[in-house]
Amino acid sequence: MDTSNKKNRSLGDSIVRFLGFYRNPVYIEDQLKEADVRSAVYLTAIVSMVEIYMLLRYVKNWVLPGKVASVGEFFHYTSTYWWFLAASLLLLVYCSLFLKKKLRYLGKYSREIIFAYFLLAMYFGVTLSMHDFSRGRMILCFLTMLMYVTIICVWRPYTSILLIVVFGGGFIWLLNHFSFDKAGNPLKLSEGDYINFVTTLVTMFILVVAVYHQRYRDATKSWELGRITVTDDLTGISNMHNFEEVTKAYLAESLAQGKKPVYLTFNLENFQTFNDRCGYAGGDELLTRTAQIISNTFPGEPVARESGDNFAVLTTAEDYLKRVAEIRVRLRAAYPNETYLDVRAGAYRPRDTEDTARHAIDRARYAMRHVTNWQNSFVPEYDERVSKEYRLRQYILNNVEKAVREGYIQVFYQPVVWAEDGTIAGCEALARWIDPEMGFLSPGAFIPALEEGRQIHKLDLCIYEQVCKRIRDSIDNGLPVLATSLNFSRLDFELMDAVGELEALVEKYRVPKEYLHVEITESAVTEDVEGLKRAMKRLHDGGFAIWLDDFGSGYSSMNVLKDFDFDLLKIDMEFLKNFHNNQNSRKIISSIINLANSLNMMTLSEGVETEEAVDFLREAGCGRLQGYFYGKPMRYEELLEKINDGSLKLGEKHI
Ligand code: C2E
Ligand code: MG
Ligand code: MG
């Protein structure tokens, strides 16, 4: 198809294009064929009526006046009309069936069949007009026939020239060489008729070529439109919208044939890193290559780019695990230097045709992301167990607003103590979801789901408000007021004006800011560095302390310390696990504490469960301690009781 810029076309190119010397995509060629068939329907209907009229005229002028002696004679003289009528009706039926898509095998031969009609029409045109010419009449029959058939054979302009020249020229040649009057003298076309004849042929040619170019333009436009709606712009494979359509039929067919179709989802691991290293153009190329590799590995099956670096496949291949492994190998071979690149996959087996592609891919992706202990295979499959988890996740996402509204989200408080004397320094607010249907849910179940579903801010806002309200109540009722740390999700800064919302709550409940600390986990800091820095500056300017949660749990802990300005460092509880028999743990914790001190940061150790840990941390110079040794997360009332009965003592200071 022509994609070259019209303005830059040379004269030669223009002529070549005008005459139609190029290959068309199958879709355009089909559209052109269909247009011919459509014309043929109208034409054959008209021709049939004309032939019937001619027969009736014959009956009126010859049969009824008794000029025709027998039936045999009648058919002899009208045989041309009968033949042409029969051929036209046959073509009419053929074309109607073709347009209704009821032809399988014969549908492929529309051009050949129409051309056979063309030849027949030419035969009649030539014989009748030569007969008329010998009797001194005009040669209109040939011209009419030629007009009929050229408009149903709008192929390429050069073929139209060929047809018109061969048949028009051939006819004149026959006329000039084989026409005789009654006396046997040869007849010749007069110069005036000759000029008229040639002018008619040229006009016919111009008409047919104009029709061709118009049809070609229409077909190209609809092809482009169709292409845009079904393909992914970047990679050229199908888009998700088309995938949904195509998989419907494919799934129904393969289930009916007793095959076992599987939806697969693919994700490029570390695509972001690749983008950073190789730029967006490199990233685009990687996506295109991956699309090709996946399509080539599942030839003839529905393959689509879902979004970003996610791809989707519906396959009936029983060896699909082997093929997924092949995809990894091919990708590695294509990018031998980018060793961190990999493909992850997830699978879902649709049960019936009601399982939509979106649903299926969503589940396959869920398995890919959340199933860690799948057996023997690199492709985790969505099974019953995963299904239960998935349903819980869906429940969480669908019900978070209701849970906030109905008070199912509650704050539990875990005491934080001063290491030097074990008195309370404050507490950490930890969310609990106590659901009438699902029961008690801990953050491990709902925080990742809410983060993934980008709804975490709804829960966090609810927690902040409850904490602010609690502090206000305590102040108003003369109860002990505990400084409280709030967990901020990285997404809070993206999904809402987290700082603004906190400021508004502080104002609403008139909470002294030193009673609130903001906890941001180390892993949150790695993305959108600048955005987070801006938010942290606003928090600091607003008078809030910012604590670095889970320090040491990620891969870039030192960078975080280098680039950000935290007030307190919470040492991840992993360091305290097995610390009794691991000398290295002790050394690392001591070093972290020294490092924090040298950076003027306060310290807190999480996960303190034993007296031995307390002693060690106190010795090492850690400022605050938090853990089951002092108390699990509990309701505020319970915390107050512990303070009242003396099992927890209030500290002098809270910051
Ligand atoms: P985190 O902020 O690091 O909270 C500490 C977690 O460690 C809490 O788990 C707490 O119950 C647990 N923990 C405390 N002391 C000990 C101990 O001595 N031993 C052991 N094994 N565990 C201890 P929880 O409450 O399940 O919270 C898990 C994580 O969920 C939190 O980690 C935090 O990242 C997140 N989270 C909790 N509540 C919220 C919230 O309101 N908003 C946001 N965005 N995240 C929250
Ligand atoms: Mg925390
Ligand atoms: Mg923590």
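1. A quick word on terms before the metal sites: a residue counts as buried when its relative accessible area is under 20%, as exposed when that figure is over 50%, and as partly exposed in between. Glu519, at 1%, is therefore buried. Keep in mind throughout that we are looking at a predicted model.

2. Let's start with the magnesium ion (ligand 2). Its protein donors are Glu428 (OE), Asn487 (OD1), Glu519 (OE) and Asp549 (OD), and they lie 2.0 to 2.2 Å from the ion. Read along the sequence, the spacing of these donor residues is E-x58-N-x31-E-x29-D. Two of them join distant parts of the chain: Glu519 sits in strand E10 (residues 516-521) and Asp549 in strand E11, 30 residues apart.

3. Now the magnesium ion (ligand 3). Here the coordinating atoms come from Asp549 (OD), Asp550 (OD) and Glu606, which appears with two OE entries, and the distances run from 2.1 to 2.6 Å. The donor spacing along the chain reads D-D-x55-E. Asp549 belongs to strand E11 (residues 545-551), while Glu606 is in the loop between strand E13 (602-605) and helix H20 (611-620), so this pair ties together parts 57 residues apart in sequence.

4. Which residue coordinates both ions? That would be Asp549, which bridges the magnesium ion (ligand 3) and the magnesium ion (ligand 2), 3.9 Å apart. As for burial, Asp549 has 4% relative accessibility and so counts as buried. Glu606 is buried too, with a relative accessible area of 6%.

5. On internal space, the structure has one cavity of 30 Å³ or more. The largest cavity encloses about 50 Å³. Its lining has 11 residues, and those nearest the centre are Gly426, Cys427, Ala483, His517 and Trp547. Strand E7 (424-435) and strand E9 (484-488) are the elements that each give two or more residues to that lining. E7 is the biggest contributor, with three residues.

6. Over to the surface. Tyr194, Val198, Val202 and Ile206 make up a nonpolar patch of about 340 Å². Take Val198 as one of its members: the residue is in helix H7 (residues 191-230). Is Val198 buried or partly exposed? Its relative accessible area is 35%, so it is partly exposed. That value also clears the patch cut-off, because patch residues need over 30% relative accessible area.

7. Two more helix residues are worth a look. Gln583 lies in helix H19 (residues 583-598), and at 52% relative accessibility it counts as exposed. Measuring tape in hand, so to speak: how far apart are the C-alpha atoms of Gln583 and Cys141? They are separated by 109 Å, with the two positions 442 residues apart along the chain as the sequence offset.

8. Pro448, for its part, is found in helix H13 (residues 443-452). With a relative accessible area of 38%, Pro448 is partly exposed. Pro448 and Arg635 are 187 residues apart in sequence, and their C-alpha atoms are 23 Å apart in space.

Technical notes: Residues are numbered from 1 along each chain as its sequence is written. Chains are lettered from A and ligands numbered from 1 in the order in which they are written. This is a predicted model: local features need pLDDT of at least 70, side-chain atom pairs count only at pLDDT 80 or more; totals for chains, interfaces and linings use all residues. Side-chain values use heavy atoms; hydrogens and water are left out. Patches are made of residues with over 30% relative accessible area and no salt bridge: like charges are joined within 9 Å, nonpolar side chains (Val, Leu, Ile, Met, Phe, Trp, Tyr) within 5 Å. Accessible areas come from the Shrake-Rupley method with a 1.4 Å probe; for residues, only the protein chains shown count as cover. A salt bridge is a side-chain nitrogen of Lys or Arg within 4 Å of a carboxyl oxygen of Asp or Glu. Helices (H or I, at least four residues) and strands (E, at least two) are DSSP runs, numbered from the N terminus. Buried means under 20% relative accessible area, exposed over 50%, partly exposed in between (1.4 Å probe, protein chains only). Donors are N, O and S atoms within 2.8 Å of the metal (3.2 Å for Na, K and Ca); water is not among the atoms, so sites may look incomplete. On a 1 Å grid over the protein atoms alone, a cavity is a set of points where a 1.4 Å probe fits but cannot get out, and a pocket is an open set with protein on both sides within 12 Å along at least five of seven lines; lining residues have an atom within 4 Å of a point. Grid points are joined across faces, edges and corners, and a volume is the space filled by probe spheres set on the points.
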